[in-house]
Amino acid sequence: MADVTDVAFRCVIAKYSRMGEVGGGPHVMWTEFVSADALAHSVGRDRVLHHFRFSQSEHPIVAQIFGATPENFRIAASLVRDMGFDGVDINMGCPEKNIQRQGACAALIQTPSLAKEIIHATKEGAGDMPVSVKTRIGYNKVDVDSWIPELLSCDIAALTVHGRTKKEMSKVPAHWDVIGRVVQMAQDFETVVIGNGDVVDIADARQKAQEYGVSGVMLGRAIFGNPWLFDENRVDAVSVSERLRVMVEHTKLYEKNFSDVKNFSLMKKHYVAYVSGFSGARQLRQRLMEATCAEEVSLVVDDFLCSLE
Ligand SMILES: Cc1cc2nc3c(=O)[nH]c(=O)nc-3n(C[C@H](O)[C@H](O)[C@H](O)COP(=O)(O)O)c2cc1C
């Protein structure tokens, strides 16, 4: 998720969800989406490459790219492969207006021949690295019958289906029944279908996988403030002090990685998620909103935890 699951947060998720251990997870992570156009040009590349920072603890990790120019996908995919990613994913689902104007992301649902050209160019650049697509179930209306076969015909490794149309943005519940139909359509193909939309935890993911037949489930917003989400071995609840200590650790990692390129205020949406559901949370959040660096966040948290003793 753009400006959310950057290298700092993903490292925290990998550590506290025990990625790579039995019962831990996730089994794969994706980066934020990055412009293929920017990646394809030396000047633009320097502006966006920080979005592709990752650490060894995050493997397997897939780089997500977006755009509307096949040749730039070829160049970007080759770069992604050279950087050591485990796969490259093409975003055909983002509904943002300024991106639609470029003909990219969800707009590609309306231009399937360009979408296919983009997949072929990406595969050329990717070599033997797997290429996947993330998309929605239609543009203005549910349209899997014509859209999904176009993608499946390109022999992609995986297809993540967010169960809403572009028009629906995130305003209605995800149509998991339609995701189930996509699974049926993919039966005769090698492509792995991953379902996405409104999944709240691992139990919910397992239930959806069982009911709709998807091979995998992608969780997005459920990870906010909850890097323990994928650890199935965890039995005890996360205490307030542990939650806040991890929030500070996350903040320090963010500062270490991004003090030169990203605004500190981007951390604040994480504070809203970490700091809720306990006594004094509102006042603590207010103080955190005024913090301008990791050191200040750490002091505010120490002060709060002392007040609990
Ligand atoms: C803040 C935010 C940023 C997102 N950025 C991306 C992105 O860069 N690439 C992408 O494929 N989806 C992105 N999404 C969409 C999510 O991946 C996901 O499809 C959507 O939130 C529905 O799944 P969920 O209910 O599990 O969150 C983003 C969503 C949010 C809320």
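How many residues does α6 have, and how far does α6 reach from its first C-alpha to its last? Helix α6 has 15 residues and reaches 21 Å between these atoms, close to the 21 Å expected at 1.5 Å a residue; the expected span is 1.5 Å times one less than the number of residues. The model is predicted, with local features needing pLDDT of at least 70 and side-chain atom pairs counting only at pLDDT 80 or more, while totals for chains, interfaces and linings use all residues. Residues are numbered from 1 along each chain as its sequence is written.

**View 1. Packing of helix α4 (residues 70-83) with helix α6 (residues 112-126).** The two helices pack at an angle of about 30°, with axes 7 Å apart. Axes are lines fitted to C-alpha atoms, for helices over the stretch in contact, and angles run from 0 to 180 degrees between N-to-C directions. Helices (DSSP runs of H or I, at least four residues) and strands (E, at least two) are numbered from the N terminus. The crossing of α4 and α6 is right-handed, that is, the near helix is turned clockwise from the far one by less than a right angle. Among the residues in contact (C-beta atoms, placed from the backbone, within 7 Å) are F73, I75 and R81 of α4, and I118, T122 and E124 of α6.

**View 2. Surroundings of α6.** Buried residues of α6 include A115, I118, I119 and A121; a residue is buried if 20 or more other C-beta atoms lie within 10 Å of its own, exposed if 12 or fewer, and partly exposed in between. The cover over the buried residues of α6 includes α4, β3 (87-92), β4 (131-136) and α7 (144-152). G127 follows α6 and has a positive phi, near 60°.

**View 3. The two faces of helix α13 (residues 294-308).** A294, V297 and V301 are buried in α13. Seen down the helix axis, the buried residues of α13 fall within an arc of 60°, so they line one face; the arc is that of the directions from the axis to the C-beta atoms. The face turned away from this buried side carries the exposed residues D303, C306 and S307. Elements covering the buried residues of α13 include α10 (240-258) and α12 (281-289).

**View 4. A38 in helix α2 (residues 36-40).** A38 counts as partly exposed because it has 19 C-beta neighbours inside 10 Å. Leaving aside residues up to four places away in sequence, A38 touches G44, R45, R47 and V48. The C-alpha atoms of A38 and G127 are separated by 21 Å, the two residues being 89 residues apart along the chain.

Technical notes:
Two residues are in contact if their C-beta atoms, placed from the backbone, lie within 7 Å.
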